[in-house]
Amino acid sequence: MTAFYALIRRDLLLAFRFGADTLATLLFFVLCGSLFPLALGPSPDLLRHMGPGIIWVCALLASLLPLDRLFGSELDDGSLDFLMLTGLSAPWVALAKMIAHWLTTGLPLIVASLPLGLMLGVTEQEMPILLISLTLGTLCLSLVGGMAACIVLGARRGGVLLPLLVLPLATPVLIFGAAASYAPLLGTTAETGLDLLGACLMGALPLSPLAAGQGLKAATE
């Protein structure tokens, strides 16, 4: 497990040293969310009703940005072969990279959703449910996105195939996350949506690294 934590620490240090990907993701998230009031109009009621859905769509799209380089940079410079020789199995290497992706992408998106949510009129009662659902949802997106990045690793036009593969798989996460986020606004309980998000996470946690490991083996052989 020492090598597993060392791999996560390595990716975190690289992300902090070269923070362009994280900064670009946050800027895209904020700018994309800021465009909706310009397109929909300044009506506070309309923005408040659409706020959680807007944040969820922006978070989904923003999480796609760094996926192309999640494993691609290591494949290009040859360090992926070295990672496969560290003693960790391919699924554990993939899981470590997915965790690092969430810490450098998903977690900053959750923090950035606070000011964006306030701008869109999300109330104090709705904000905790939105943050909890985003936490579960971004974890799922990192797992599913990392799996898809491994599957298309080394393929021609992999950057084009990656969103086409991730978006259908991420659709249930978007539906359940938005349903939980809208529950306080609609006067219903958010437990069902959160439970379904938790089920998606429990399903993706073992399956995504296994599938990603097969993609890593195919790319390095």
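**View 1. Where H7 meets H9 in this predicted model.** From H7, the residues at the meeting point are Ile 132, Ser 133, Leu 136, Gly 137, Leu 139, Cys 140, Leu 143, Val 144, Gly 146, Met 147 and Cys 150. H9 answers with Leu 194, Leu 197, Gly 198, Cys 200, Leu 201, Ala 204, Leu 205, Ser 208, Ala 211, Ala 212, Gly 215 and Leu 216. Sort the residues of this contact by type and you get 17 nonpolar, six polar and no charged.

**View 2. How H7 and H9 pack.** Here we're looking at residues 127-151 (H7) alongside residues 191-220 (H9). Their axes sit 8 Å apart, at an angle of about 20 degrees. Angles under 35 degrees count as roughly parallel, so that's what H7 is to H9. As for handedness, the H7 and H9 crossing is left-handed.

**View 3. Two of the spans that UniProt lists as "transmembrane region".** The entry is unreviewed, and its list runs 12-40, 46-67, 102-122, 129-154 and 160-182. Take residues 46-67: the chain there is 86% helix and 0% strand, with 33 Å between the end C-alpha atoms. Residues 160-182 come out at 100% helix and 0% strand, and their end C-alpha atoms are 32 Å apart.

**View 4. Confidence along the chain, from H4 to H7.** Mean pLDDT bottoms out at 72 in helix H4, residues 72-77. Confidence is highest in H7, at 92. Across the chain the average is 86, and 96% of the residues score at least 70. A word of caution: where pLDDT is low, don't read the predicted coordinates in detail.

Technical notes:
Residues are numbered from 1 along each chain as its sequence is written. This is a predicted model: local features need pLDDT of at least 70, side-chain atom pairs count only at pLDDT 80 or more; totals for chains, interfaces and linings use all residues. Side-chain values use heavy atoms; hydrogens and water are left out. Axes are lines fitted to C-alpha atoms, for helices over the stretch in contact, and angles run from 0 to 180 degrees between N-to-C directions. Helices (H or I, at least four residues) and strands (E, at least two) are DSSP runs, numbered from the N terminus. Angles under 35 degrees count as roughly parallel, over 145 as roughly antiparallel, 65 to 115 as roughly perpendicular and the rest as oblique. A crossing is left-handed if the near helix is turned anticlockwise from the far one by less than a right angle, and right-handed if clockwise. Contact means heavy atoms within 4.5 Å. Ala, Val, Leu, Ile, Met, Phe, Trp, Tyr, Cys and Pro count as nonpolar, Asp, Glu, Lys and Arg as charged, and the others, Gly among them, as polar. pLDDT is the predictor's confidence in each residue, from 0 to 100. UniProt positions are given in the numbering used here, feature names are shortened, and annotations may be inferred rather than shown by experiment.
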